[in-house]
Amino acid sequence: MHFCGSIIHFYLGNSSRRKTEHFPTSHNLIVTEVLPMLIIGEKLSIIAKRVREAMMKKDKGPIQEIATAQWKAGAGMIDANIGPAEDGGEDLMQWMVTTIQEVVPLPVCLDTTNFKAIEAGLKVHNGQWGRPLINSTSNDPERFPILELGAKYNSQVIGLTVGKGGLPADAEERSAIAAEIMGRAMEYGVPLEDLYLDPLVLQIATSQDHARHVIKAIAMFQEMNDPPMKTVVGLSNISNGCPKALRPILNKYYFLLLADAGLTAAIADAHEMAEATNEKGMVADVVAGKKLSDAKKMAEISKTLDVIMGRTLYAHSYLEM
(Lines give C-alpha, C1' and ligand atoms only; values in the text may rest on other atoms or scores of the structure.)
Protein backbone atom coordinates (compact mmCIF):
# COMPACT_ATOMS: atom_id res chain seq x y z
CA MET A 1 0.00 0.00 0.00
CA HIS A 2 1.12 3.52 -0.61
CA PHE A 3 -0.13 7.02 -1.21
CA CYS A 4 0.19 8.41 -4.72
CA GLY A 5 -0.56 12.11 -4.59
CA SER A 6 -3.88 12.26 -2.80
CA ILE A 7 -5.21 9.00 -4.21
CA ILE A 8 -4.93 5.85 -2.11
CA HIS A 9 -3.98 2.76 -4.14
CA PHE A 10 -5.02 -0.75 -3.15
CA TYR A 11 -3.26 -3.80 -4.55
CA LEU A 12 -5.96 -6.32 -5.20
CA GLY A 13 -5.51 -9.19 -7.54
CA ASN A 14 -8.78 -11.02 -7.72
CA SER A 15 -9.37 -11.65 -11.41
CA SER A 16 -13.11 -12.07 -10.76
CA ARG A 17 -13.61 -8.80 -8.93
CA ARG A 18 -15.83 -7.45 -11.73
CA LYS A 19 -18.04 -10.51 -11.90
CA THR A 20 -21.45 -10.26 -10.28
CA GLU A 21 -20.86 -13.51 -8.38
CA HIS A 22 -17.71 -12.16 -6.72
CA PHE A 23 -18.15 -12.04 -2.98
CA PRO A 24 -15.15 -11.47 -0.68
CA THR A 25 -15.82 -14.26 1.78
CA SER A 26 -12.87 -16.59 1.21
CA HIS A 27 -9.31 -16.69 -0.09
CA ASN A 28 -9.50 -13.93 -2.66
CA LEU A 29 -7.42 -11.01 -1.38
CA ILE A 30 -4.23 -11.38 -3.40
CA VAL A 31 -1.61 -8.74 -4.08
CA THR A 32 -1.13 -7.98 -7.78
CA GLU A 33 -3.36 -5.33 -9.32
CA VAL A 34 -3.53 -1.58 -8.65
CA LEU A 35 -6.91 -0.03 -7.91
CA PRO A 36 -7.02 3.76 -7.47
CA MET A 37 -9.34 4.83 -4.69
CA LEU A 38 -10.66 8.35 -4.20
CA ILE A 39 -11.17 9.31 -0.58
CA ILE A 40 -13.65 12.17 -0.09
CA GLY A 41 -12.85 13.62 3.33
CA GLU A 42 -16.12 13.50 5.29
CA LYS A 43 -15.41 15.43 8.47
CA LEU A 44 -17.02 18.74 7.43
CA SER A 45 -20.62 17.85 8.26
CA ILE A 46 -23.19 20.09 9.89
CA ILE A 47 -24.07 17.14 12.13
CA ALA A 48 -20.80 17.66 14.04
CA LYS A 49 -21.23 20.30 16.73
CA ARG A 50 -17.88 22.01 16.12
CA VAL A 51 -18.47 22.21 12.39
CA ARG A 52 -22.07 23.37 12.79
CA GLU A 53 -21.02 26.19 15.12
CA ALA A 54 -18.26 27.25 12.72
CA MET A 55 -20.77 27.32 9.84
CA MET A 56 -23.23 29.41 11.82
CA LYS A 57 -20.57 31.90 12.92
CA LYS A 58 -18.76 31.85 9.55
CA ASP A 59 -15.59 30.98 11.46
CA LYS A 60 -13.06 29.78 8.89
CA GLY A 61 -10.59 28.41 11.43
CA PRO A 62 -12.15 25.04 12.31
CA ILE A 63 -13.33 24.44 8.72
CA GLN A 64 -9.88 25.02 7.27
CA GLU A 65 -8.16 23.05 10.01
CA ILE A 66 -10.33 19.98 9.39
CA ALA A 67 -10.09 20.26 5.60
CA THR A 68 -6.30 20.55 5.78
CA ALA A 69 -6.05 17.52 8.08
CA GLN A 70 -8.16 15.41 5.70
CA TRP A 71 -6.06 16.52 2.73
CA LYS A 72 -2.77 15.69 4.49
CA ALA A 73 -4.15 12.29 5.51
CA GLY A 74 -4.78 11.38 1.86
CA ALA A 75 -8.18 12.76 0.84
CA GLY A 76 -8.46 13.63 -2.85
CA MET A 77 -11.65 15.66 -2.38
CA ILE A 78 -13.40 17.34 0.55
CA ASP A 79 -17.07 16.79 1.38
CA ALA A 80 -19.00 19.93 2.37
CA ASN A 81 -22.18 18.69 4.04
CA ILE A 82 -24.41 21.63 4.98
CA GLY A 83 -27.60 19.58 5.46
CA PRO A 84 -30.91 20.80 3.97
CA ALA A 85 -29.89 24.42 4.64
CA GLU A 86 -33.35 25.74 3.85
CA ASP A 87 -32.47 29.21 5.13
CA GLY A 88 -29.31 30.85 3.78
CA GLY A 89 -28.13 27.70 2.03
CA GLU A 90 -26.79 29.45 -1.05
CA ASP A 91 -24.57 31.79 0.93
CA LEU A 92 -23.45 29.02 3.27
CA MET A 93 -22.41 26.67 0.47
CA GLN A 94 -20.50 29.41 -1.32
CA TRP A 95 -18.75 30.26 1.93
CA MET A 96 -17.88 26.61 2.55
CA VAL A 97 -16.48 26.02 -0.93
CA THR A 98 -14.32 29.16 -0.95
CA THR A 99 -13.20 28.63 2.67
CA ILE A 100 -12.06 25.08 1.91
CA GLN A 101 -10.33 25.95 -1.34
CA GLU A 102 -8.47 28.88 0.19
CA VAL A 103 -6.21 26.39 2.00
CA VAL A 104 -6.66 23.02 0.29
CA PRO A 105 -5.87 22.41 -3.42
CA LEU A 106 -8.71 19.91 -3.87
CA PRO A 107 -12.17 19.82 -5.47
CA VAL A 108 -15.24 19.86 -3.25
CA CYS A 109 -18.19 17.49 -2.96
CA LEU A 110 -21.33 19.62 -2.56
CA ASP A 111 -23.45 17.65 -0.14
CA THR A 112 -26.98 19.01 0.38
CA THR A 113 -30.56 18.48 -0.79
CA ASN A 114 -30.85 22.21 -1.52
CA PHE A 115 -30.79 22.66 -5.31
CA LYS A 116 -30.08 26.39 -5.19
CA ALA A 117 -27.29 25.92 -2.66
CA ILE A 118 -25.62 23.36 -4.92
CA GLU A 119 -25.76 25.72 -7.88
CA ALA A 120 -24.39 28.56 -5.78
CA GLY A 121 -21.47 26.37 -4.75
CA LEU A 122 -20.80 25.29 -8.31
CA LYS A 123 -20.59 28.91 -9.41
CA VAL A 124 -17.67 29.67 -7.08
CA HIS A 125 -15.91 26.30 -7.20
CA ASN A 126 -12.29 26.58 -8.31
CA GLY A 127 -11.90 24.03 -11.10
CA GLN A 128 -8.13 24.43 -11.02
CA TRP A 129 -8.04 21.73 -8.36
CA GLY A 130 -10.38 19.36 -10.17
CA ARG A 131 -14.05 19.06 -11.00
CA PRO A 132 -16.71 19.24 -8.27
CA LEU A 133 -18.97 16.38 -7.27
CA ILE A 134 -22.68 16.75 -6.47
CA ASN A 135 -24.23 14.58 -3.75
CA SER A 136 -26.73 13.54 -5.07
CA THR A 137 -29.40 12.59 -7.58
CA SER A 138 -31.56 9.48 -7.10
CA ASN A 139 -34.63 7.75 -8.48
CA ASP A 140 -36.83 10.27 -6.67
CA PRO A 141 -38.32 12.66 -9.28
CA GLU A 142 -37.57 15.57 -6.96
CA ARG A 143 -33.87 14.80 -7.39
CA PHE A 144 -33.88 14.54 -11.20
CA PRO A 145 -33.03 18.27 -11.68
CA ILE A 146 -29.67 17.68 -10.02
CA LEU A 147 -28.61 16.13 -13.31
CA GLU A 148 -29.34 19.45 -15.01
CA LEU A 149 -26.77 21.08 -12.77
CA GLY A 150 -24.27 18.33 -13.54
CA ALA A 151 -24.61 18.91 -17.26
CA LYS A 152 -24.70 22.73 -17.00
CA TYR A 153 -21.58 23.02 -14.84
CA ASN A 154 -19.65 20.00 -16.15
CA SER A 155 -19.79 18.47 -12.69
CA GLN A 156 -19.62 14.89 -11.57
CA VAL A 157 -22.75 13.53 -9.89
CA ILE A 158 -23.48 10.83 -7.33
CA GLY A 159 -26.48 8.64 -8.17
CA LEU A 160 -27.98 7.23 -4.97
CA THR A 161 -29.81 3.99 -5.73
CA VAL A 162 -32.98 4.79 -3.85
CA GLY A 163 -36.37 6.15 -4.91
CA LYS A 164 -39.60 7.41 -3.40
CA GLY A 165 -40.81 3.86 -2.85
CA GLY A 166 -38.44 3.15 0.04
CA LEU A 167 -35.11 1.43 0.57
CA PRO A 168 -33.83 -1.12 -1.97
CA ALA A 169 -34.21 -4.69 -0.72
CA ASP A 170 -31.05 -6.24 -2.14
CA ALA A 171 -28.22 -5.90 -4.66
CA GLU A 172 -30.48 -6.73 -7.58
CA GLU A 173 -32.93 -3.95 -6.73
CA ARG A 174 -30.05 -1.53 -6.29
CA SER A 175 -28.80 -2.50 -9.76
CA ALA A 176 -32.23 -2.01 -11.32
CA ILE A 177 -32.43 1.50 -9.85
CA ALA A 178 -28.86 2.16 -10.98
CA ALA A 179 -29.80 1.27 -14.55
CA GLU A 180 -32.63 3.81 -14.48
CA ILE A 181 -30.32 6.50 -13.10
CA MET A 182 -27.73 5.75 -15.78
CA GLY A 183 -30.31 6.09 -18.54
CA ARG A 184 -31.63 9.32 -17.07
CA ALA A 185 -28.11 10.76 -16.73
CA MET A 186 -27.49 10.28 -20.43
CA GLU A 187 -30.83 11.90 -21.25
CA TYR A 188 -29.83 14.97 -19.22
CA GLY A 189 -26.40 15.15 -20.84
CA VAL A 190 -24.28 13.76 -17.99
CA PRO A 191 -21.73 11.26 -19.37
CA LEU A 192 -21.67 7.92 -17.59
CA GLU A 193 -17.99 8.46 -16.76
CA ASP A 194 -19.13 11.45 -14.65
CA LEU A 195 -21.64 9.40 -12.66
CA TYR A 196 -20.80 7.68 -9.38
CA LEU A 197 -23.28 4.99 -8.34
CA ASP A 198 -23.98 4.82 -4.60
CA PRO A 199 -25.59 1.56 -3.37
CA LEU A 200 -26.66 3.14 -0.06
CA VAL A 201 -24.81 1.82 2.98
CA LEU A 202 -27.12 1.25 5.96
CA GLN A 203 -26.47 0.78 9.68
CA ILE A 204 -25.18 -2.67 10.47
CA ALA A 205 -26.76 -2.40 13.94
CA THR A 206 -30.27 -2.33 12.45
CA SER A 207 -29.88 -3.58 8.85
CA GLN A 208 -27.13 -6.20 9.01
CA ASP A 209 -28.05 -8.06 5.81
CA HIS A 210 -27.60 -4.89 3.77
CA ALA A 211 -23.86 -4.88 4.46
CA ARG A 212 -23.52 -7.90 2.17
CA HIS A 213 -26.03 -6.57 -0.35
CA VAL A 214 -23.97 -3.39 -0.78
CA ILE A 215 -20.75 -5.34 -1.37
CA LYS A 216 -22.50 -7.43 -4.03
CA ALA A 217 -24.05 -4.31 -5.59
CA ILE A 218 -20.61 -2.69 -5.96
CA ALA A 219 -19.46 -5.71 -7.97
CA MET A 220 -22.68 -5.79 -10.03
CA PHE A 221 -22.55 -2.09 -10.90
CA GLN A 222 -19.27 -2.65 -12.71
CA GLU A 223 -20.90 -5.12 -15.05
CA MET A 224 -23.43 -2.53 -16.21
CA ASN A 225 -21.10 -0.60 -18.48
CA ASP A 226 -17.79 -0.80 -20.29
CA PRO A 227 -15.67 0.81 -18.94
CA PRO A 228 -17.01 -0.17 -15.51
CA MET A 229 -19.12 2.35 -13.63
CA LYS A 230 -17.57 4.42 -10.86
CA THR A 231 -18.92 3.73 -7.40
CA VAL A 232 -19.02 5.57 -4.09
CA VAL A 233 -20.34 4.96 -0.58
CA GLY A 234 -21.00 7.01 2.53
CA LEU A 235 -18.80 4.64 4.47
CA SER A 236 -19.42 5.66 8.08
CA ASN A 237 -23.15 4.91 7.69
CA ILE A 238 -22.21 1.28 8.37
CA SER A 239 -21.27 2.09 11.97
CA ASN A 240 -23.94 4.67 12.80
CA GLY A 241 -25.52 3.79 16.11
CA CYS A 242 -22.61 1.60 17.17
CA PRO A 243 -20.42 2.23 20.23
CA LYS A 244 -17.74 4.83 19.59
CA ALA A 245 -14.88 2.34 19.99
CA LEU A 246 -16.38 0.01 17.35
CA ARG A 247 -16.96 2.65 14.69
CA PRO A 248 -13.44 2.89 13.20
CA ILE A 249 -13.05 -0.89 13.33
CA LEU A 250 -16.23 -1.51 11.33
CA ASN A 251 -15.46 1.37 8.96
CA LYS A 252 -11.95 0.15 8.14
CA TYR A 253 -12.71 -3.50 7.49
CA TYR A 254 -15.90 -2.79 5.60
CA PHE A 255 -13.95 -0.38 3.43
CA LEU A 256 -11.41 -3.08 2.58
CA LEU A 257 -14.14 -5.54 1.59
CA LEU A 258 -15.79 -2.89 -0.59
CA ALA A 259 -12.44 -2.03 -2.17
CA ASP A 260 -11.91 -5.70 -2.98
CA ALA A 261 -15.32 -5.75 -4.69
CA GLY A 262 -14.25 -2.82 -6.90
CA LEU A 263 -15.28 0.34 -5.02
CA THR A 264 -13.70 3.44 -6.57
CA ALA A 265 -14.52 6.20 -4.04
CA ALA A 266 -15.61 6.61 -0.44
CA ILE A 267 -16.90 9.52 1.59
CA ALA A 268 -14.90 8.71 4.69
CA ASP A 269 -12.40 9.90 7.27
CA ALA A 270 -9.05 9.93 5.47
CA HIS A 271 -7.22 9.12 8.70
CA GLU A 272 -9.22 5.91 9.15
CA MET A 273 -8.64 4.98 5.53
CA ALA A 274 -4.89 5.42 5.95
CA GLU A 275 -5.09 3.00 8.87
CA ALA A 276 -7.12 0.59 6.74
CA THR A 277 -4.43 0.76 4.07
CA ASN A 278 -1.79 -0.21 6.61
CA GLU A 279 -3.89 -3.13 7.87
CA LYS A 280 -4.75 -4.50 4.42
CA GLY A 281 -2.08 -7.19 4.59
CA MET A 282 -3.27 -8.46 7.96
CA VAL A 283 -6.87 -8.64 6.74
CA ALA A 284 -5.74 -10.60 3.67
CA ASP A 285 -3.86 -13.04 5.89
CA VAL A 286 -6.88 -13.59 8.13
CA VAL A 287 -9.13 -14.15 5.13
CA ALA A 288 -6.59 -16.65 3.79
CA GLY A 289 -6.71 -18.61 7.05
CA LYS A 290 -3.30 -17.54 8.31
CA LYS A 291 -2.62 -16.80 11.95
CA LEU A 292 -1.37 -13.39 13.07
CA SER A 293 1.23 -12.98 15.80
CA ASP A 294 -1.12 -10.45 17.41
CA ALA A 295 -3.97 -12.65 18.66
CA LYS A 296 -6.10 -9.68 19.72
CA LYS A 297 -5.86 -8.06 16.30
CA MET A 298 -6.62 -11.38 14.61
CA ALA A 299 -9.77 -11.80 16.70
CA GLU A 300 -10.82 -8.21 15.97
CA ILE A 301 -10.48 -8.72 12.23
CA SER A 302 -12.05 -12.19 12.14
CA LYS A 303 -15.05 -11.28 14.31
CA THR A 304 -15.67 -8.06 12.39
CA LEU A 305 -15.57 -9.80 9.01
CA ASP A 306 -17.96 -12.46 10.33
CA VAL A 307 -20.42 -9.77 11.41
CA ILE A 308 -20.17 -7.85 8.14
CA MET A 309 -20.68 -10.97 6.04
CA GLY A 310 -23.59 -12.16 8.20
CA ARG A 311 -21.89 -15.24 9.58
CA THR A 312 -22.64 -14.05 13.10
CA LEU A 313 -25.34 -11.72 14.36
CA TYR A 314 -24.33 -8.16 15.17
CA ALA A 315 -24.33 -7.06 18.79
CA HIS A 316 -22.62 -4.06 20.35
CA SER A 317 -20.51 -6.56 22.32
CA TYR A 318 -19.57 -8.80 19.36
CA LEU A 319 -15.82 -8.39 19.97
CA GLU A 320 -16.24 -9.73 23.49
CA MET A 321 -18.05 -12.91 22.43
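**Figure 1. Cysteine environment in the predicted model.** Cys 242 has a relative accessible area of 8% and is therefore buried. Cys 109 is buried as well, because its relative accessibility is 0%. The number of disulfides found in this predicted model is zero.

**Figure 2. Strand 4 and its surroundings.** Strand 4 spans residues 77-81, and five of its five residues are buried, so the strand is largely enclosed by the rest of the structure. One side of the strand carries Met 77, Asp 79 and Asn 81, while Ile 78 and Ala 80 lie on the other; both faces are covered. Strand 4 pairs with strand 5 (residues 108-111) in the parallel sense, and four bridges connect the two. Within this pairing, Cys 109 of strand 5 stands opposite Asp 79. Cys 109 is buried, at 0% relative accessibility, and Asp 79 is likewise among the buried residues of strand 4.

**Figure 3. The β-α-β unit formed around helix 3.** Helix 3 comprises residues 89-101 and, with strand 4 and strand 5, makes a right-handed β-α-β unit. The two strands of the unit run parallel.

**Figure 4. Strand 10 and the β-α-β unit that includes helix 8.** Strand 10 covers residues 265-268, with Ala 265 and Ile 267 pointing one way and Ala 266 and Ala 268 the other; all of these residues are buried. Strand 9 (residues 230-234) runs parallel to strand 10 and is joined to it by three bridges. Gly 234 has Ile 267 of strand 10 as its bridge partner. Helix 8 (residues 247-261) completes a right-handed β-α-β unit with strand 9 and strand 10.

**Figure 5. A salt bridge between Lys 58 and Asp 91.** The model contains 15 salt bridges. In one of them, the side chains of Lys 58 and Asp 91 meet at an N to O distance of 2.6 Å. This contact links distant parts of the chain, 33 residues apart: Lys 58 belongs to the loop between helix 1 (49-57) and helix 2 (60-72), whereas Asp 91 is in helix 3. Both partners are partly exposed, Lys 58 with a relative accessible area of 33% and Asp 91 with one of 45%.

**Figure 6. A salt bridge between Glu 102 and Lys 60.** The side chains of Glu 102 and Lys 60 meet with an N to O distance of 2.8 Å. Here too the pair links distant parts of the chain, 42 residues apart, with Glu 102 in the loop between helix 3 and strand 5 and Lys 60 in helix 2. Lys 60 has a relative accessibility of 32% and is thus partly exposed.

**Figure 7. A salt bridge between helix 8 and helix 9, and the network around it.** A salt bridge joins the side chains of Glu 275 and Lys 252, at 3.4 Å from N to O. Glu 275 lies in helix 9 (residues 270-287) and Lys 252 in helix 8, so the contact ties together parts that are 23 residues apart in sequence. The accessibility of the two partners falls into separate classes: Glu 275 is partly exposed at 39%, whereas Lys 252 is buried at 6%. Both residues belong to a network of salt bridges that also includes Glu 279, Lys 297 and Glu 300.

How values were computed:
Residues numbered from 1 in each chain as written. Predicted model: local features only at pLDDT ≥ 70, side-chain atom pairs only at ≥ 80, totals over all residues. Heavy atoms only, no water. Disulfide = S-S within 2.5 Å. Buried < 20%, exposed > 50% of the residue type's maximum accessible area, 1.4 Å probe, protein only. Pairing = 2+ DSSP bridges. Right-handed = clockwise from strand over helix to strand, strands pointing away. Salt bridge = Lys/Arg side-chain N within 4 Å of Asp/Glu carboxyl O.
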